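Thanks for coming, everyone. I have one structure to walk through today. Please have a look at the chain before I start.

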Amino acid sequence: MSTSPSDALTLNAQYFDGRSAKARPVTLTLRGVTLVLRGESVAREDDIATLRVSEPMGAAPRLISYPDGAHCEVRDHAGLARMLRATGFRDDWVVRVQTRWRWALAAVAVTVAIVFAGYRWGLPAASEFIAFRMPDSVLAQLSGGTLEFLDKHLFKPSQLPEPRRKALADAFARMLTHDRSPLRYTLHFRDGVAVGANAMALPDGTIIITDQLVKIAAHDEEVLAVLAHELGHVSRRHGMRMLIQGSIVAFVVSWYIGDVSSIAAGLPTLLLQARYSREHELEADAFGAAMLTANGISPKRLADMLAKLEASHRAKVDESGKDKDHIPPQTESDKARRGSIGDYLASHPATRERIEALKKAQ
Ligand SMILES: [Zn+2]
């Protein structure tokens with residue numbers, strides 16, 4: 001007794017009263033704007049304006065929900081569609097309802113794409129924009145604090161003889177005559193202790209090299225090559241960009257979690273954890289290679305030095321033998337903070353690729 005020719009607006013349905021799981025077979029009839037429900041031991045009449053009809057999802061039954069928690073399951077999709085039309089619902093309303101879930105999926109996909117694009121491209125672009133507009137006073141304050149931290153926890157005063165330091169500082173100053181950057185660079189020598197052979201650049205142009213790095217260099221030009229690379233990081237503001245990027249992510253995450261205060265406490269650590277990307281390393285290499293060439297020095301010096309730093313890193317790892325669960329540190333200064341291994345290479349990834357590129361640059 002589904003729809004009869006004389007009464008096209010009668011449907012079979014299953015009725016659930018909202019209190020028990022028992023399904024009761026009923027018929028639904030439309031009388032004006034009233035939905036009339038009849039079944040064994042159940043009868044109700046409701047204004048259709050108070051009812052909600054679920055959208056169609058494949059062959060699943062559609063639900064007519066009553067305000068008191070009861071509902072009907074209707075499997076006769078065609079009959080229900082006819083009934084909806086008879087109540088004044090227009091066809092396009094039905095179509096819109098049918099496609100609503102597609103819009104929801106599309107909205108989710110668009111949101112994911114925007115967040116991804118923002119993270120992948122928007123964030124680095126914003127960080128670069130801010131980094132190049134950062135006042136010198138902020139750069140100096142941040143860098144000063146970081147050097148203080150490093151001196152307190154990791155480094156010792158350089159053991160290199162004064163004339164040796166002076167010779168390298170003079171050569172560095174001569175190399176800088178080819179640099180057009182407005183930043184003032186200062187060179188610092190330190191005993192790297194556990195950090196070993198390493199070099200690092202702070203955002204304000206402070207560059208630190210360890211005695212150990214000077215010692216593994218076979219030629220002063222190799223030291224200059226590493227310094228030229230570090231100048232590239234400063235000049236392109238890599239450290240600052242990574243710091244800003246990390247801060248933005250940390251801020252968004254803490255804002256989402258609802259604990260923004262924790263980010264201020266974590267800011268110094270963020271600088272030490274800022275990671276140079278592969279792109280940053282290649283960019284710093286290219287900058288260094290150009291500066292070396294301008295000074296009549298072969299970029300191969302940097303390639304040679306990278307190989308030596310890799311060897312020195314490996315020797316240290318073998319010696320300590322406890323590097324298995326070692327997570328590659330983030331910056332030159334990060335593993336310094338860890339104080340275990342002077343793994344220049346972990347902070348300077350893709351060494352092999354970089355050496356090859358430098359050999360081609362000469
Ligand atoms: Zn680097």
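I'll go through the sheets, then the cores, then one helix pair.

A caution first: this is a predicted model. Now the overview. The chain has 13 helices and 11 strands. Of its 362 residues, 32% are buried. Take the contacts between residues at least 6 apart in sequence: 61% of them join residues at least 24 apart.

Let's begin with the seven-stranded sheet. In what order do its strands run? The order is E4-E3-E2-E1-E7-E6-E5. The sheet is open, and the pairing is antiparallel. At the edges sit strand E4, residues 42-47, and strand E5, residues 52-53. Each of those pairs on one side only.

Some details inside that sheet. Strand E2, residues 24-31, is joined to strand E3, residues 34-39, by six bridges. Val 26 stands opposite Gly 39 in E3. What packs on this sheet? Helix H1 does, residues 77-86. H1 touches strands E1, E2, E5, E6 and E7. The direction of H1 makes about 105° with that of E1.

Now follow E6. Two bridges join E5 to E6, and these strands run antiparallel. Val 53 faces Ile 64 of E6 there. On the other side, four bridges join E6 to E7, again antiparallel. In that pair, Ser 65 stands opposite His 71 of E7. Which side chains of E6 are buried? Arg 62 and Ile 64 are, and they point to one face. Leu 63 and Ser 65 point to the other face and are not buried. Look also at the hairpin of E6 and E7. Five residues lie between the strands, and Gly 69 takes a positive phi near 100°.

On to the other sheet. This open sheet has four strands, ordered E8-E9-E11-E10, with mixed pairing. The edges are strand E8, residues 156-157, and E10. E10 and E11 run antiparallel, with three bridges between them. Met 200 has Ile 208 of E11 as its bridge partner.

Next, the cores. As a rule, nonpolar side chains in soluble globular proteins tend to be buried together. Here the largest nonpolar core has 40 residues. Ile 209, Val 226, Leu 227 and Leu 302 have the most contacts inside it. Elements giving two or more residues include helices H3, H4, H9 and H10, along with strands E10 and E11. Which helix gives the most? H6 does, with eight residues. Apart from this core lies another, of 11 residues. Among its members are Tyr 15, Leu 37, Val 74 and Met 83.

Back to Leu 227 for a moment. Leaving out residues up to four places away in sequence, Leu 227 touches Phe 172, Ala 199, Ile 207 and Ile 209.

Last, the helix pair. How do H6 and H9 cross? Their axes come within 7 Å and cross at roughly 125°. H6 and H9 are therefore oblique to each other. The crossing is right-handed. On the H6 side, the residues that meet H9 include Ala 225, Ala 228, His 229 and Leu 231. On the H9 side, they include His 280, Ala 284, Phe 287 and Met 291.

To recap: a seven-stranded open sheet with H1 packed on it, a four-stranded open sheet, and a nonpolar core of 40 residues to which H6 gives the most. I'll stop there.

Conventions:
Residues numbered from 1 in each chain as written. Predicted model: local features only at pLDDT ≥ 70, side-chain atom pairs only at ≥ 80, totals over all residues. Core = buried A, V, L, I, M, F, W, Y, C linked by C-beta atoms within 7 Å. Buried ≥ 20, exposed ≤ 12 C-beta atoms within 10 Å, placed from the backbone. Contact = placed C-beta atoms within 7 Å. Pairing = 2+ DSSP bridges. Axes fitted to C-alpha atoms, helices over the stretch in contact; angles between N-to-C directions. Parallel < 35°, antiparallel > 145°, perpendicular 65-115°, else oblique. Left-handed = near helix turned anticlockwise from the far one by under 90°.
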